[in-house]
Amino acid sequence: MFHNVQKMDTRFTRGKSTILERPLSRPKTEVSLSAFALLFSEMVQYCQSRVYSVTELQTRLAEMGQGVGASMLDVLVLREKNGKRETKVLNMLLFIKVNVWKSLFGKEADKLEQANDDDKTYYIIEKDPLINAYISVPKENSSLNCAAFTAGIVEAILTHSGFPAKVTAHWHKGTTLMIKFNESVIARDKALDGR
């Protein structure tokens, strides 16, 4: 009896590697644009059917994005940084602008800027975000920015990396993700600079 079970197991697994045996090196990560558009459109419709306002819809999308960001952080840090985590705010933001964006959208984000009047606030600017490309927004919901999903991804990556922040999506120069760090993050960063 046991011999037959063992034979059956090897018959189904022969020639296939388990996920634990696969290398962590970068696999081909391109996803069909039409598949992405369909899936994301379904996510937006799913969220939309369960909320009563644009703000609630953006909150739901951000929550979904946070799950994605938390899941991809460890893999990206292992692949891109050999497991070394960033300790400085600017380096972490550059990691997001370059590595995270390339992993998600196949290119770097267009711009990274710091607010002139607030050392806790940074902006990641994307002129034509892929996430909004295939979403048509009715006039009555013109403030809806589906990049709230991306904002959720960025917020989760920052928070799980030890840089707690609130990230929101806004229509400005295309789409702008506004990142507001907790005061403790900026204080820590200044203390690291003072060493």
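**Exercise 1.** Which residue in β2 stands opposite Q114?

*Solution.* The model is predicted. Begin with the pairing. β1 (111-114) and β2 (121-126) run antiparallel, and four bridges join them. Now look for the partner of Q114. Y122 in β2 stands opposite Q114.

**Exercise 2.** Find how β1 is joined to β2, and through how many residues.

*Solution.* Follow the chain out of β1. A hairpin leads on to β2. The link takes six residues. D118 is found in this loop.

**Exercise 3.** Classify D118 as buried or exposed, and give its relative accessible area.

*Solution.* Take the value for D118: 18%. Apply the cut-off: buried means under 20%. D118 is therefore buried.

**Exercise 4.** List polar partners of the D118 side chain, with distances.

*Solution.* Take the backbone first. The D118 side chain reaches the backbone nitrogen of K120 at 3.0 Å. Turn to side chains. Here D118 makes a polar contact with the side chain of K180, at 3.3 Å. K180 falls in the range of β4 (175-181).

**Exercise 5.** Locate K173, then say what is notable about its phi.

*Solution.* Place the residue. K173 is found in the loop between β3 (165-171) and β4 (175-181). Read the angle. Phi of K173 is positive, about 55 degrees. Recall the general rule: most residues other than glycine have a negative phi. K173 is not a glycine, yet its phi is positive.

**Exercise 6.** Assign K173 to an exposure class.

*Solution.* The relative accessible area of K173 is 45%. Partly exposed lies between 20% and 50%. So K173 is partly exposed.

Definitions and conventions:
Residues numbered from 1 in each chain as written. Predicted model: local features only at pLDDT ≥ 70, side-chain atom pairs only at ≥ 80, totals over all residues. Heavy atoms only, no water. Helix = DSSP H or I, 4+ residues; strand = E, 2+ residues; numbered from the N terminus. Buried < 20%, exposed > 50% of the residue type's maximum accessible area, 1.4 Å probe, protein only. Polar contact = N/O pair within 3.5 Å; in protein donor to acceptor, adjacent residues only side chain to side chain. Pairing = 2+ DSSP bridges.
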